[in-house]
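Subject: Structure for your files, with notes

Dear colleague,

Here is the structure I said I would pass on to you. Please look through it alongside the notes that come after it.

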Amino acid sequence: MDSKYIPWAIEEKWQKYWLEEKKYKVREERNKKKYYLLEMFPYPSGRIHMGHVRNYCIGDLMARYKILKGFNVLHPMGWDAFGLPAENAAIKNKVHPAQWTEQNITSMRKQLQSMGFSYDWDRELSTCDPVYAKWEQWIFLKMFEHNLVYQKESPVNWCPTCQTVVANEQVENGLCWRCEDTIIQKNLRQWFFRITNYADELLEGCKTLTGGWPERVLTMQKNWIGKSYGFEVQFPIADIEEILPIFTTRVDTIFGATFMSIAPEHPMVEKLIQGKKEEAEVREFIRRILLQDKTVRTAEDIVKEGVFTGTYAVNPMTKENIPIYAANFVLMEYGTGAVMAVPTHDQRDFEFAQKYHLPLRVAIQPKEEQLDEASMKGAFEGNGVLINSEQFSGIDNQTAKQKIAEYMEEKGIGRRLVNYSIKDWGISRQRYWGNPIPIIYCEKCGAVSVPEKDLPVSLPRNINFPENGKSPLPNLPEFVNCSCPKCQGKARRETDTMDTFVQSSWYFARYASAQCDTAPFEKEAVKYWMPVDQYIGGIEHAILHLLYARFFNKVLRDLKLIPYDEPFSNLLTQGMVIKDGAKMSKSKGNVVDPNDLLEKYGADTVRLFSLFAAPPDKDLDWSDRGVEGAYRFLGRCWRIVNNNLPLLHQALSSIPSDLPEDCRRLHRVTHLTIKKATEDIENRPHFNTAISAIMELVNELYLFQLPTQEQYSALQKADPEDAARKEALCRITVFREAVDKLIILLAPFTPHVAEELYEILGGQPSIFDQPWPTYDPDALIKDEMLIVIQVNGRLRDKITVSSEATEEEVKKLSLESEKVKEFTEGKTIQKVIYIPKKLVNIVVR
């Protein structure tokens with residue numbers, strides 16, 4: 001057997017075996033406990049990158065571990081195939097996006113298979129597949145029937161380059177997340193999902209996910225949902241018959257409101273500035289502010305700026321006219337998009353008022369000091385007693401909140417309200433390469449559902465993309481023109497397609513019965529497999545994908561399609577792959593191509609390094625030396641087996657009871673390694689420390705003294721009861737046990753070399769038909785004892801000695817203790833008392 005580790009032939013052999021034997025194809029087995037492991041599926045860009053590799057290596061390790069633990073493991077793979085990159089590539093390369101996408105899928109599938117991942121390829125799905133598109137359209141129509149989908153005109157983020165709407169979450173520093181062009185505001189009629197109907201349940205569900213999901217992700221989702229209790233107040237607009245409603249959690253400060261702040265994108269701004277001398281200045285301000293990222297606009301350290309609209313509102317409590325300012329820090333996404341500004345009791349308003357010389361009025365006086373508007377250096381935001389508040393003056397502000405609320409409700413100028421930051425999900429996209437929205441517009445009947453028998457609405461394939469980058473669909477009469485399903489009159493088809501986040505919001509359920517063509521999924525299959533036991537993906541999806549998927553799951557539940565509340569029981573967010581101090585990217589020139597690594601080192605080395613270099617939830621710093629080290633380690637494992645193969649075949653079937661001390665040590669290290677690896681994979685997960693423990697076991701194997709083949713051949717001629725022969729057999733057997741356990745411990749990390757070594761040692765047909773090893777608690781007990789040392793009855797030291805140490809050896813080691821010598825030097829030792837296996841007492845004078 002070749003003692004040199006050459007991975008390529010091994011890996012090709014086992015990948016072929018796994019595919020041909022459908023080794024990882026699964027079905028529902030009621031007598032086995034299921035485990036559904038899923039990594040976030042990739043966009044088929046054409047090549048996998050190291051971020052993909054790390055994500056899928058983590059998932060594959062966990063899937064293979066659960067297989068070895070006896071679980072029925074579902075581990076599927078598919079493709080998030082619709083989207084702008086395919087369409088942009090089609091325009092650039094003059095190829096249909098479907099063709100471009102399929103070519104990329106073929107290429108990436110081959111790359112993933114070359115990594116040896118344990119996917120059930122029979123469940124492979126692509127979101128651009130007509131069957132997948134059909135059932136997604138069917139779900140849309142069910143939501144439409146249940147009033148969970150609606151249409152309205154609204155200001156949207158528009159990317160001039162991509163010619164489509166971009167979600168708030170997809171705007172980064174005022175730029176499109178795809179092409180990095182500047183985002184502008186535009187009013188369009190859009191389709192929306194009523195995710196706000198589920199705001200409370202999504203928030204409450206975070207509690208059930210605690211412990212299974214990273215707290216950071218749950219906090220991000222809670223903040224995005226943004227539930228707050230407050231009061232909606234109606235502020236009349238002076239001189240025009242309009243009301244400007246505001247939401248506040250501090251209605252107790254309303255008597256201190258001296259101006260209003262309104263979001264630049266607020267739809268009422270047009271009416272406020274129309275015909276005013278400030279109109280041009282306001283429009284320029286709005287244009288400039290809307291280019292800014294919304295997270296930047298609301299940051300605490302942002303410079304507060306605004307512009308007077310030329311219009312006043314009327315404070316409904318004081319009846320005073322107060323100016324309305326468009327302000328950069330106010331967003332439409334929170335409350336009503338307008339706020340009453342109380343500079344004496346809100347620091348943000350205070351800074352704004354100081355900058356624009358707006359008046360201050362104290363409404364709450366703290367008990368320990370006297371506030372004076374002229375000398376205030378900042379806002380007072382604590383509790384106190386109301387002043388300057390008419391009949392409510394003299395009341396503590398917490399009580400005043402309730403009394404003012406009751407008064408305003410009685411007068412019809414306000415109401416208690418629960419507010420959410422989250423807004424309904426706009427799903428309309430003005431692009432070709434997406435799933436068509438299955439709606440028909442009829443002048444007589446309005447918006448009408450496409451009949452189920454006509455699903456899916458398919459994208460026309462014979463198309464030419466306009467040079468301006470717009471979707472060709474509105475200009476295709478054969479696609480647009482149709483008959484109304486209700487009245488049979490002339491109608492037109494919706495030409496918008498769905499946001500690609502819709503496709504990724506239910507794919508995990510489709511995997512349960514990916515080939516089903518009579519429903520989105522088979523109910524019994526979903527009931528068996530779902531929810532996903534372990535979901536793996538990047539932290540960048542904490543709000544968008546993960547929140548949308550949770551929403552979709554609850555909708556499907558309410559449609560009686562699935563029986564569970566949450567789609568993902570556990571979530572692992574893996575860290576990024578860093579090189580030269582930055583995330584790998586083509587623009588930074590620090591990309592490592594996985595194909596180059598596979599050609600040089602093989603898949604198992606790449607897998608091992610990816611899992612060893614850092615804990616899965618931390619960033620991984622790339623190291624070429626680290627990759628070399630992983631390759632050398634696998635070579636050591638290979639040689640342990642192949643250089644000792646004849647001896648390993650001589651091992652006894654069980655470990656002898658009376659082991660020499662070094663054999664006991666190897667036996668103990670073997671079982672300590674099993675314990676450590678099991679706990680690190682199962683409970684933490686800390687795969688890097690599990691690998692470290694396995695490496696330590698390999699070091700022990702290299703240090704262990706085996707007889708040579710020549711020595712053992714000579715001993716075979718001796719009497720079976722010969723002590724030397726028995727000891728040699730004992731050594732071979734303990735060594736073989738360690739090697740066997742090493743190979744199966746390696747299997748989830750480096751499956752190809754584990755399969756090969758297992759076969760070399762006589763195992764068949766696959767190591768993944770074997771059980772994960774369990775450790776023997778008795779083997780972990782160290783053959784040592786702790787001895788307490790006293791001098792004249794006082795504790796002076798503790799030492800650990802061999803459990804076989806004689807009384808004289810224990811006494812000698814006790815007297816040699818440096819701590820003990822401090823109390824015995826220069827004194828006469830009268831006697832040394834030894835209590836076996838417990839204590840030594842040295843009597844001196």
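The notes below go from the whole chain to one helix, and then to charged side chains.

Please bear in mind that this is a predicted model, in which local features need pLDDT of at least 70 and side-chain atom pairs count only at pLDDT 80 or more, while totals for chains, interfaces and linings use all residues. Residues are numbered from 1 along each chain as its sequence is written, and side-chain values use heavy atoms, with hydrogens and water left out.

The whole chain

The protein chain contains 28 helices and 34 strands (DSSP runs numbered from the N terminus, with H or I over at least four residues for a helix and E over at least two for a strand). Its radius of gyration is 36 Å, well over the 28 Å that the globule rule gives for 845 residues, so the chain is more spread out than a compact globule; the radius is taken over C-alpha atoms, and the rule is 2.2 Å times the number of residues to the power 0.38. The C-alpha trace spans about 115 × 85 × 50 Å along its principal axes. Of the 845 residues, 56% are buried, where buried means under 20% relative accessible area, exposed over 50%, and partly exposed in between, with a 1.4 Å probe and protein chains only. Among contacts (heavy atoms within 4.5 Å) between residues at least 6 apart in sequence, 73% join residues at least 24 apart.

Helix α1

The 14 residues of helix α1 (residues 7–20) should span 20 Å at 1.5 Å a residue, and its end C-alpha atoms are indeed 20 Å apart; the expected span is 1.5 Å times one less than the number of residues. In this helix P7, I10, E11, W14, Q15 and W18 are buried, and because these buried residues fall within an arc of 120 degrees when seen down the axis of α1, they line one face of the helix (the arc being that of the directions from the helix axis to the C-beta atoms). They pack against several helices, including α2 (50–68), α4 (97–114) and α20 (624–642), whereas A9, E12, K16 and E20 are exposed on the other side of α1. Just after α1, K22 takes a positive phi of about 50 degrees.

Charged side chains

The structure holds 50 salt bridges, each being a side-chain nitrogen of Lys or Arg within 4 Å of a carboxyl oxygen of Asp or Glu. R250 and D252, whose closest N and O atoms are 3.0 Å apart, form one of them, and both residues are buried. K277 and E278 also meet at 3.0 Å, N to O, but here K277 is exposed, with a relative accessible area of 78%, while E278 is buried at 11%. In helix α5 (residues 130–145), E145 and K142 lie three residues apart, about one turn of the helix, and their side chains meet in a salt bridge of 3.9 Å, N to O. E201, R550, K554, R557, D558, D565 and E566 are linked in a network of salt bridges.

D349, in helix α11 (residues 347–356), is buried yet has no salt bridge, the nearest side chain of opposite charge, R348, being 4.4 Å away; Lys and Arg count as positive and Asp and Glu as negative, with His and the chain ends not counted. Leaving aside its neighbours within four places in sequence, D349 is in contact with F259, F329, M340, A341, V342 and P343.

With best wishes
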